[in-house]
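Here is a short walk through one protein chain. Keep the structure open and find each residue as it comes up.

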Amino acid sequence: MHNLNYEQMNGLALAYIGDAIYELEVRQHLLAMGLTKVNDLQKRSKHYVSAKAHAAIFQRMSDEQILSEDELVYFKRGRNAKSHTKAKNTDVVTYRISTGIEALFGYLYLSNSQERLQTLMAWIFDEIETGRITK
């Protein structure tokens, strides 16, 4: 599928690809739910893709201890990366956690861990839609 060496990638590069993968998963999920109006899709997607949503997701993942040691390593690689962009509409800590979540999904995608990626996405969808995760 791809020949990118995720083990050598910095956290921001992992977050760059992970952001796209995560966003695509969310968009597919929302369309599969039968949402078709762009305005509704945009509003609903914020529950999954905002920095605040990512921080709430990571908090719940930590509480439930669902990430493996390797997954935590790649999350931290993203979270600890020195970004030169400013956090929009959120504080620096929340923004860094969000970058960590994106890096985690970049790692899962680039390491061909498709089954694990799908398992985590299904867990996220369930947690948000049942109200266990709120931003």
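The paragraphs below go from single residues to ring pairs and then to charged pairs.

The model is predicted. Start ahead of the helices. Q8 sits in the segment that comes before helix 1, which covers residues 11–32. Is Q8 buried or exposed? Its relative accessibility is 64%, so Q8 counts as exposed. Now look for K88. Along the chain, Q8 and K88 are 80 residues apart, and their C-alpha atoms are separated by 28 Å.

Move on to helix 1. D19 is placed in this helix. An unreviewed UniProt entry annotates D19 as "active site". That label comes from the record, and such annotations may be inferred rather than shown by experiment. The accessibility of D19 is computed from the model. D19 has 34% relative accessibility, so it counts as partly exposed. The cut-offs explain the term, because partly exposed lies between buried, under 20%, and exposed, over 50%.

Stay in helix 1 for a charged pair. E23 and R27 meet through their side chains in a salt bridge, at 2.9 Å from N to O. How are the two placed along the helix? They are four residues apart in helix 1, so about one helical turn separates them. E23 is partly exposed, with a relative accessible area of 21%. R27 also counts as partly exposed, at 47% relative accessibility.

Next comes helix 2, residues 38–49. S45 is found there. With a relative accessible area of 7%, S45 is buried. Which residues does S45 touch, once its neighbours within four places in sequence are left aside? S45 is in contact with V26 and L30.

Helix 2 also holds Y48. Here the aromatic rings come in. The count of aromatic pairs comes to six. One of them joins Y48 and F125, and this pair is edge-to-face. The ring centres are 5.5 Å apart, with 80° between the planes. Planes over 60 degrees apart count as edge-to-face, so the angle sets the label. The partners come from distant parts of the chain: Y48 is in helix 2, F125 is in helix 6 (residues 114–129), and their positions lie 77 residues apart. Both rings belong to buried residues. Y48 has a relative accessible area of 1%, and F125 has 8%. Elsewhere, Y6, Y74 and Y107 form one aromatic cluster.

Return to the charged pairs. How many salt bridges does a search of the whole structure find? The search finds six. The E23 and R27 bridge was met above. Another salt bridge joins E127 and R60, whose closest N and O atoms are 2.5 Å apart. E127 lies in helix 6 and R60 in helix 3 (residues 51–64), so this bridge ties together parts that are 67 residues apart in sequence.

E127 has a second partner. Its side chain also meets that of R132 in a salt bridge, at 3.0 Å from N to O. At 5% relative accessibility, E127 counts as buried. R132 is partly exposed, with a relative accessible area of 41%. Now follow the shared partners. Salt bridges join R60, E64, D126, E127 and R132 into one network.

Finish by looking at helix 6 again. This helix holds F125, which pairs with Y48 of helix 2. Helix 6 also holds E127, which is tied to R60 of helix 3.

Definitions and conventions
Residues numbered from 1 in each chain as written. Predicted model: local features only at pLDDT ≥ 70, side-chain atom pairs only at ≥ 80, totals over all residues. Heavy atoms only, no water. Buried < 20%, exposed > 50% of the residue type's maximum accessible area, 1.4 Å probe, protein only. Contact = heavy atoms within 4.5 Å. Phe/Tyr/Trp six-rings, centres within 6.5 Å; stacked < 30°, edge-to-face > 60°. Salt bridge = Lys/Arg side-chain N within 4 Å of Asp/Glu carboxyl O.
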